[in-house]
Structure formats: C-alpha cells, structure tokens
Amino acid sequence: MPAGPEIPEWADPRDLDPAIRAALRGLDPRNSATVAGHLVVAGTLVDEDPETALAHARAARDRASRLAVVREAVGVAAYHAGDYAEAAREIRAYRRMSGDQGYRAVLADCERALGRPEVAIRLVNEALAAPVDDEESVELRLVEAGARQDLGEAAAARLVLERALGGRSDPSALDAGDLGKLRVAAAYAELLRAQGEDVEADRWLEAIAAIDPELAGEDLGVEFAEVDLSEGLGDPLAGDEASQDTVPGGELPDEESPAADAEADEDDSTWTMSFAAEVEAEVAELLGETGDDVPAGAGPSETADDQPEH
C-alpha cells in the first residue's frame, strides 16, 4: 500500500468531526489512525494549500476507498485544487454511497469547468426543483450565470443575477447582513463591466466595497467575456447527472471504483416551465423573438402548452 505523504505531528485525529471518527471505527486500528491523520491534514489545508490537501485525501482513499467520508474528502480537496474531473467523480461516489444529495452547486460548477456549461445548467435546474437553502441557491445562481455566459447567453446571465438580486437593480438596497446577495452583486458588477457598462459597474462595486471591501475585489470564479447581446440562445437542455443509487452503509461494493463513475448522459427530453424557462422566455422577448420566431435550438418543450404533467 502506498505510504502517501508524511502526516505532520500537529494532525490530531481528535480534531475530526465525531461522525467521521465513527465512520473510521470499522477499520483496523492502525489504519484508522493513519486515515484519520490524512483527513485532518486534508481538511486543515484545503483552503491555503489545496494541492497538499488533495495528496493527503488521496492517501486516505488508498487506505479506505470504501468509506463515503473519505471519498467526500477527496472530492472537496480536488475541487479546491482545480482537478474538476476527479472532484466530480469523487463527489458522485460520495453521494451514491451516503445518500446525501448535497454538493449540487459543486457538481454543476465542475461540469462548467470541464467545458460542459449546458450540463451545468441542467444540474442547476434539477437542484432548484428541490428545496434549497439561501446559501446553496446563491451558489447555484452564480454557476448558472457563468454557464450561460459560456454559452454566449449574456442576456440570460444578466437576468439570472438580476432575479437573484430580487429584481431590483439598485445597489443602495444591498444589506450588510445578506452575504449571499452581496456575492451575487459582485458577480453582477463583473458582468456589467464585461458588457461595457463601466459606470453602472462602479456604482455596484462602490456599494459593495462600503460594506465588504474584500468582496468588492474577490474573484468569484464567474468569468464574463464581452459578447454580442444579439447572439442567439443556446440549448440548455442537454446533459444529465450520473445515476445516484445509494449503497447501504456508505460503502461501494467490490466491483465499484472511481473509474466506474460514468460521465453524465445527455437527455433533453424533460424541461419544465421553471425559473430557467422563464429566463429563456424573457431573453427571447428582449431579442424580439416572439410567436413562431423562437431561438435556434429551442425545442417544442419550451412552450407552456407542451409541458409534461406532474
């Protein structure tokens, strides 16, 4: 078994969450202590030194790949280290093994980073069809806005952020107690700048800086390129997530491995009149596309009359 990186003396297994320590009790005592040490280092360094954190998380996986908490640690560390393919694979393994359907925004962001923005949008819409808290909703909207911009849907990206701001383009309405909305506002200012609206972008950044100077200059990971707003809309229907079959006890059967995680299948046959569909309709109206004049690539399921019954 590979030794992995050396575990520093400061790594105390008692620092782990009690639920994680409980999950490690089924391992051989010596192996359990080693895995715990690697997990402590991975969790401690994930922000400041994600590459080292990932090396320790992988070492833990080498010794305990059948534990969901270990696969979770690898997925989170890989995401922070920028290894999005491994992050998506490990997070999906964790979700199957544990039954926890979290990390939806992370998975969508991984798809976007891997050059599949249409899949990212699909995952965002699936996530928003279920109950989400305010924090997760913000993360999902930021991912969607970036993915739509990747597809050349600048008007749609703008609508997503404006709706997440409550439909009011008023920087004076920002609340110091609402960090999520502040993050959306920072992304909105970035988008305005990319669209050449420097004066309006500065208004938003000044309002944000008055509340949180660091956030006004933070890289949110939402890159907006200058594009022609008259560009047609892409088709956000393609792509789906790998199956999420839960394995009782949080362990993979012997035949399962990270390599067995299939890539997302594409399926554009299901689409409901949700927030995203409304965005598409508003963008079509902005572009003067009404009646039979629909965006290229739009399918019949984008009309209200053709929605599947639930």
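Start with Arg92, which is buried at 4% relative accessibility. This is a predicted model, and Arg92 makes a good entry point. What does the side chain of Arg92 meet in a salt bridge? The partner is the side chain of Glu111, with N to O at 3.2 Å. Glu111 lies in helix 6 (residues 104–113) and Arg92 in helix 5, so this salt bridge ties together parts that are 19 residues apart in sequence.

Now look at Glu111 itself. Is Glu111 buried or exposed? It counts as buried, because its relative accessibility is 0% and the cut-off for buried is under 20%. Glu111 also forms a salt bridge with Arg116. There the closest N and O atoms are 2.6 Å apart. Arg116 is partly exposed, with a relative accessible area of 24%. Glu111 therefore pairs with a buried arginine, Arg92 at 4%, and with a partly exposed one, Arg116 at 24%.

Stay with helix 5, which spans residues 84–98. Glu86 sits in this helix. Its side chain meets that of Arg58 in a salt bridge, at 2.5 Å from N to O. How many residues apart are Glu86 and Arg58? They are 28 residues apart, and the pair links distant parts of the chain, helix 5 and helix 3. The two partners differ in their surroundings. Glu86 is buried, with a relative accessible area of 5%. Arg58 counts as partly exposed, because its relative accessibility is 30% and partly exposed covers values between 20% and 50%.

Next, widen the view. Glu86 and Arg58 belong to a network of salt bridges. The other residues linked in this network are Arg61, Arg71, Asp83 and Glu90. The structure as a whole holds 20 salt bridges.

Finally, follow helix 3 to His56. This helix covers residues 50–64, and His56 is found in it. His56 counts as buried, at 3% relative accessibility. Which side chain makes a polar contact with the side chain of His56? That of His38 does, at 2.9 Å. His38 is also one of the residues that His56 touches, once residues up to four places away in sequence are set aside. Val41 and Ala42 are among them too. So are Pro5, Glu6, Ile7 and Pro8.

Key
Residues are numbered from 1 along each chain as its sequence is written. This is a predicted model: local features need pLDDT of at least 70, side-chain atom pairs count only at pLDDT 80 or more; totals for chains, interfaces and linings use all residues. Side-chain values use heavy atoms; hydrogens and water are left out. Helices (H or I, at least four residues) and strands (E, at least two) are DSSP runs, numbered from the N terminus. Buried means under 20% relative accessible area, exposed over 50%, partly exposed in between (1.4 Å probe, protein chains only). A polar contact is a pair of N or O atoms within 3.5 Å; within protein, one must be able to donate a hydrogen and the other to accept it, and residues adjacent in sequence count only if both atoms are side-chain atoms. Contact means heavy atoms within 4.5 Å. A salt bridge is a side-chain nitrogen of Lys or Arg within 4 Å of a carboxyl oxygen of Asp or Glu.
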